[in-house]
Amino acid sequence: IHFVLLISRQGKVRLTKWYSPYSQKERSKVIRELSGMILTRGPKLCNFVEWRGFKVVYKRYASLYFCMCINQEDNELEILEIIHHYVEILDRYFGSAYYILDEVLIAGELQESSKKTVARLVAPQDSLVEAAKEEANSISNIIAQATK
Amino acid sequence: MNPFSSGTRLSWVRIKVLFHCRDMIRAIRACKTAAEERAVVRKECASIRAAVSDNDQDYRHRNLAKLMFIHMLGYPTHFGQMECLKLIAAPGFPEKRIGYLGLMLLLDERQEVLMLVTNSLKQDLNHTNQYIVGLALCALGNICSAEMARDLAPEVERLLQFRDPNVRKKAALCSIRIVKKVPDLAENFVNPVVSLLKEKHHGVLLTGIQLCIDLCKLSEEALEYFRKKCTEGLVKVLKDVVNSPYAPEYDVGGIADPFLHIRLLRLLRVLGHGDADASDCMNDILAQVATKTESNKNAGNAILYECVETIMSIEDNSGLRVLAINILGRFLSNRDNNIRYVALNMLMKAVSVDDQAVQRHRVTILECVKDSDASIRKRALELVYLLVNESNVQPLTKELIDYLQVSDQDFKEDLTAKICSIVEKLSPDKIWYIDQMLKVLPQAGNYVKDEVWHALIVVITNASNLHGYTVRSLYKAIQTSGDQETLVRVAVWCIGEYGDMLVNNIGMLNVEEPITVTENDAVDVIQIAIKRHTLDLTTRAMCLIALLKLSSRFPSCSQRIKDIITQSKGSLLLELQQRSIEFDSIIEKHQNIRSALVERMPVLDEATYSGRRAGSMRATVSTSHGTALNLPNGVAKTAAAPLVDLLDLGAEEPAAPSSSGGNFLQDLLDVDTSSSSQSGTTQPQKSGTDVLLDLLSIGSPSPQNGSSAPDILSISKDNRTSVSALDSLSSAIGPSVQASFTAGDAPMMDLLAGFGPSPPAPPPTEDNGPAYPPMVAFESSSLRIMFNLSKQPVSPQVTHIEAIFTNKSSDVYTDFIFQAAVPKFLQLHLEPASGNTLPGSGNGSITQKLQVTNTQHGKKSIVMRIRISYKLKGKDMLEEGQISNFPRDL
């Protein structure tokens, strides 16, 4: 997988993740091109578009389009399954889409096929952050109290 | 936390920074116009910048979060890059987490800043907190550069054995990135992978397999090693997965871990490809997967798809292949577009394996070309293109052309290109070719590429019996489709060339209805075209040329044509203006030469054209020294430039056939100047005071030679294949005509090749290594050259020649060198001679082998220019000659 894009129906970018080197300029060009191609496709058509010698597999969930760019010879049906896998995890575990994606894919390859494991890995990390926040809060409260 | 609760001591800027990240997002989303959004973003960026320069610790991660959001909207955020590095270097998990996230989003591997993070990464890879190790692995796996890969590979290698499987799997994927960046490192990972492949943890197994696939791609040795060590184990793993009981954690639509299935199948494909034993080992399980997998859900189909691909790639097992093709057949008739798409995709690969099996689905595939889904149409078209062969080209092309009429505009370009390519490649005869193109041009003339219509014109000029038919058909087509650029070009060109056949219904075919076209009607077509603003310069320039040609063909319209040409005299386009002025002066002042000037174009040489298209320029002259033969041809040099000019005048724009015509002349010059160097070339210069006349006498027979010459021209054009006509001519006219041609055009060259006072060639014996009697290739008072010819039946184009040189004088020749040159359609290879001293009085000989490849075998005969140099009593001697008495079928 070369990159992952989440685009809203209005064409706003919600998440980007690049596994192959694209300069910032190329990135915005890619996004522009692809949202133009994908958002205009009708509902009954297949979930693949061919683009610059690659294939982009996309699937729409509610008002969000999940897009993944792959090589010509990759298995498109499996990518659909990976998108679905990711969406289900997002659905079950309420957390940052970025952090969850990092537990699903690394270097453009699938990392974990168990949704439960992903959730089990993200949860403690999120709670580490929460704990740190609370600590910071209580410290600032103490300072605030002391300087009243 | 409310930013304002403790904000009393903060400056206004700080308060802005404290503006909560969610609030910012809300503010941005609330913007109604792009300008408003830009203003909000600008303010936010300013405050973040201020915070950066203040080195604000507390809100660094919040600022970065905001920056990432701003980045996603497409605004520049480079000033945040250093912030990422600072956060990564911070001790706490939350800072590191957002720091790495920012790193992956805001930077890519090509930025130098990235190098600064190597040290932090190294520390984090050795951190005691496994989540921090995980963050570092993830970042490294997603963006590491080659330098970083080299520096950090040992850490990652070590982590492949880490106690927690979740770190192992991350390290495995990170290794993929590392070996892709630095392939030399691949061997370090081979052994660790073998143990990963034995793991039970799905994540580790999944990523280990993936790493293994990538190692196999990089190193043949690794592939061989894994094939020996792991194939059986992997087959067993796949068996276990396929037969595993319901496992809710990995279940997708009733299948246990389809992802693992797919990766195992993929790795088996790599291992089985090109190795019969490994392929054998996996046959059973592949058959089981192919027959037992449920195909009612996407996950099952994904597995079947992967399985089919594996079956196609591993060593031949016909039983399995039947299974695979059947699965694809089922896919193709599926109602789900996704499934049909992948079926088409897969069938493309299957064509090379089993063409017949794919041909069975041709009708369905053809239907897919007409699908409403562009992705499916495109795949299907590619597939149809692969399926076309001599036996089905006619019905398939008909289907495609029929569809061209109703297809979407944006699909027409692809479709047209494919149709044209099929027609060019597989047409059974010229009339079919021309007919198909005559259907395509009115439909999609604006999508036809230049090479295609150039090729069409070459074909048309070569089909002398179809000239009339073609020009009439084009005339009819242009009446309704005058807006299709390439149709207009071809039609204008043909009307210019064959206008007389249009108005007189010459060369009627049985299928044709006679049409009534007056000379004025024909001129109308061109006048309309030249006035049409949508047509480009090339087309209009072609129109001018056609008009010039018609002015001679249709004398009654001459004045009208002159008026049309004159209208372009004031054109702002230099090309049109120049042509118009020049042509006008030809019509006005050079009546006497006009008809000769606008003679029909010589037949364009198909092989030369296609050869040139392929971009393969063959060496035209080869000698034993490998240097070009330098013939005394002062005249040729001066003649070359005006000749090209003339052609340019007489033909159309340079990219069109004229270019091949122009080059063609060059071809001719190569040979022809040599053939004429002894005599004729001086004639035209004497006779010409008018420059144009001069040119003409080069392009066509010079006036002194009487009326027989033009006859040869036309005969040779119309009967290029009719050898007997040439034969009779050659005996009738003889060498004097040869001299009068200075640098003629193609057919003349053919004539020249056929000429010569030599005895007629012996009749060739057919097939299986024809035998040729020795021929006297050259004879002078001092020298005789005999050629022994032979051919291998397998390569009829190649003639092997053994040249035997005999000295007829009584003195020894030293420094004997034989050189030869051939026209472009031949390739010559000279082997070293047996010696360079030739004893006198026939007391010995030198032999030398030559090999001539005739790219136009069956169409043209071999001709050769030779030059022999030697020393006689210390004096340099030079003899030259042309050999044109080769047997015809060489």
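**Group meeting: chain A, aromatic pairs and an enclosed cavity**

Let me begin with the surface of chain A, which exposes about 6,500 Å², with carbon and sulfur atoms supplying 56% of that area. I should say at once that what we are looking at is a predicted model, and that every value I quote this morning is computed from it.

Staying with chain A for a moment, 54% of its 148 residues count as buried. The chain has four helices and seven strands, and if you read along the sequence you meet them in the pattern β-β-α-β-β-β-α-α-β-β-α. As for how the chain connects to itself, if we take the contacts in chain A with a separation of 6 or more, 42% of them are accounted for by residues 24 or more positions apart.

Now to the aromatic residues. Over all chains, the structure holds 17 aromatic pairs. One of them joins Y61(A) and F66(A), whose ring centres are 5.6 Å apart and whose planes stand at 90°, so this pair is classed as edge-to-face. Are these two residues buried or exposed? Y61(A) has a relative accessible area of 18%, and because the cut-off for buried is under 20%, Y61(A) is counted as buried; F66(A), at 6%, is buried as well.

In chain B there is a pair with another geometry, formed by Y813(B) and Y870(B), which is stacked, with 4.0 Å from centre to centre and 20° between the planes. Y813(B) belongs to strand β6, residues 813-821, and Y870(B) to strand β9, residues 864-872, both of chain B, so the pair ties together parts that are 57 residues apart in sequence. Both tyrosines, Y813(B) and Y870(B), are buried.

Returning to chain A, one aromatic cluster is formed by F3(A), W18(A), Y22(A), W51(A) and F54(A).

Rings also appear here as partners of charged groups. The charged end of R97(B) sits over the ring of Y99(A), at 3.6 Å from the ring centre, and within chain B the charged end of R377(B) sits over the ring of F411(B), at 4.8 Å from its centre.

Next, the enclosed space. The structure holds five cavities of 30 Å³ or more, and I would like to look at the second largest, in which about 200 Å³ of space lies. Which residues are closest to its centre? Of the 18 residues that line this second largest cavity, they are E103(A), Q125(A), G134(B), L135(B) and K170(B). The helices that each supply at least two lining residues are α3 (97-104) and α4 (115-146) of chain A, together with α6 (93-106), α8 (130-143) and α10 (165-181) of chain B. Among the contributors, α8(B) provides the largest share of the lining, namely five residues.

Finally, a single residue from chain B, F79(B), which is found in the loop between α4 (60-72) and α5 (81-89) of that chain. Its relative accessibility is 15%, and F79(B) therefore counts as buried. If we leave aside neighbours within four places in sequence, F79(B) is in contact with C45(B), I48(B), R49(B) and L67(B). For L67(B), the separation from F79(B) is twelve residues in sequence and 9.4 Å in space, taken C-alpha to C-alpha.

Notes: Residues are numbered from 1 along each chain as its sequence is written. Chains are lettered from A and ligands numbered from 1 in the order in which they are written. This is a predicted model: local features need pLDDT of at least 70, side-chain atom pairs count only at pLDDT 80 or more; totals for chains, interfaces and linings use all residues. Side-chain values use heavy atoms; hydrogens and water are left out. Buried means under 20% relative accessible area, exposed over 50%, partly exposed in between (1.4 Å probe, protein chains only). Contact means heavy atoms within 4.5 Å. Accessible areas come from the Shrake-Rupley method with a 1.4 Å probe; for residues, only the protein chains shown count as cover. Rings of Phe, Tyr and Trp (its six-membered ring) pair if their centres lie within 6.5 Å; planes under 30 degrees apart count as stacked, over 60 as edge-to-face and the rest as tilted. A charge sits over a ring if NZ of Lys or CZ of Arg is within 6 Å of the ring centre and within 35 degrees of the ring normal. On a 1 Å grid over the protein atoms alone, a cavity is a set of points where a 1.4 Å probe fits but cannot get out, and a pocket is an open set with protein on both sides within 12 Å along at least five of seven lines; lining residues have an atom within 4 Å of a point. Grid points are joined across faces, edges and corners, and a volume is the space filled by probe spheres set on the points.
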